[in-house]
Amino acid sequence: MVTKIIKTLTQYLSSLQQPVITNYELYSTIFNLFKAKKFSKINLNNKNSFQFFKYLQEKIVKPIIDLGIITPLHYFPNQRVFQIISKQQNAEDIACTIDPFAYISHLSAMAYHGLSNRIPKVIYLSSPASNDWMEFAKKRMKNDLGNFYKDYCDYSLPKLTKLNFSRIQNNKIFRYSSIHHGAFKHIEGRTLRVSTIGRTFLDMLREPDYCGSMYHVIDVFKNYAEQYSNLIIDEIDRHGTNIEKSRAGYLLEEILHIENHRINKWAKAVKRGGSRKLDPKQAYSEKYSERWSLSLNMD
């Protein structure tokens, strides 16, 4: 029976498009195989949680490691992430597999979309705030395990948890969490997720320091914003704050001369305030846009 499970698991791992598999994914898959009807002759009720974990570890996981199908990633201690040997190991895909709710963002997304010719020295990875992440993880586990969810938890098998990591391969990882839920797209044939064009432009206005500086952001707007103006306006209209709409409106209307009734609506809603600056990191400047209530504090 164990031999059949190892064979089925090997076939499953070969069918995956992802480069790695987490401890949770591996053990939940094995548990589902044990609970499936064709393996129901194995009486799990006779094993306590620790014994069962050791049983799976010794009888299933260790053999597929010995067979060279998977191998523990050394920068994740305690065998929490395994490399699938037959798969191409791309750092961005690994990051999006390890954190199933994360996506590539900021300067990394700009480079992916061809908006920036800068090669990021770090991979920018966005994911939900901690409380939201835990809620998403619980829902994912219930979806993965179905009717076996309670049994899986009763056996104290590895749960879907947010792993801490700051490097993958030779790449530094910058992790960004926000209360704003991301807008991203899945890349076909990969586990990679990348912020949409519209959200990438919004992130430029929200966190320009993570996008190569406000100077680089303005260059990108000048080169590409007209091409993607509808996507940018849609995203900012729905999800942008007033200050982000002020920055976007100034760049789109006064720099690029793009006219749109929604941009005009933003201008009517802005309020003058000393904290409204085009570049959030630089000092306030007396040079000012009355229409956008915005300090034009850039040289």
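This is a selection-by-selection tour of a predicted model, covering strands, one helix and aromatic rings.

Residues are numbered from 1 along each chain as its sequence is written. Because the model is predicted, local features need pLDDT of at least 70 and side-chain atom pairs count only at pLDDT 80 or more, while totals for chains, interfaces and linings use all residues; side-chain values use heavy atoms, with hydrogens and water left out.

**Stop 1: the open sheet**

Select strands 1, 2 and 3; helices (H or I, at least four residues) and strands (E, at least two) are DSSP runs, numbered from the N terminus. These three strands form an open sheet in the order 1-3-2, with antiparallel pairing; two strands pair if DSSP finds at least two bridges between them. Strand 1 (20-22) and strand 2 (70-72) are at the edges with a single partner strand each, so one side of each has no neighbour in the sheet. From one strand to the next, the twist averages 30°. Three bridges join strand 1 to strand 3 (residues 81-84) in the antiparallel sense, and Val 20 is found opposite Gln 83 in strand 3.

Next, add residues 23-35. This is helix 2, which lies across strand 1, strand 2 and strand 3 and runs at about 75° to strand 1. Contact means heavy atoms within 4.5 Å; axes are lines fitted to C-alpha atoms, for helices over the stretch in contact, and angles run from 0 to 180 degrees between N-to-C directions.

**Stop 2: strand 5**

Select residues 122-128. Strand 5 is largely enclosed by the rest of the structure, because six of its seven residues are buried (under 20% relative accessible area; exposed is over 50%, partly exposed in between; 1.4 Å probe, protein chains only). Strand 4 (residues 103-104) pairs with strand 5 in the antiparallel sense over two bridges, and Tyr 103 has Ser 126 as its bridge partner in strand 5. Strand 7 (residues 171-178) runs parallel to strand 5, joined by seven bridges. Here Leu 125 stands opposite Arg 175 in strand 7.

**Stop 3: aromatic rings**

Show Phe, Tyr and Trp side chains. Rings (for Trp, the six-membered one) pair if their centres lie within 6.5 Å; planes under 30 degrees apart count as stacked, over 60 as edge-to-face and the rest as tilted. The count is 19 aromatic pairs. One of them is the tilted pair of Phe 201 and Tyr 228, at 6.5 Å centre to centre and 50° between the planes. Phe 201 lies in helix 8 (residues 197-206) and Tyr 228 in the loop between helix 9 (214-225) and helix 10 (229-239), so the pair ties together parts 27 residues apart in sequence. Phe 201 is buried, at a relative accessible area of 0%.

Finally, select Tyr 24, Phe 31, Phe 34, Phe 52, Tyr 55, Tyr 152 and Tyr 155, which ring pairs link into a cluster.
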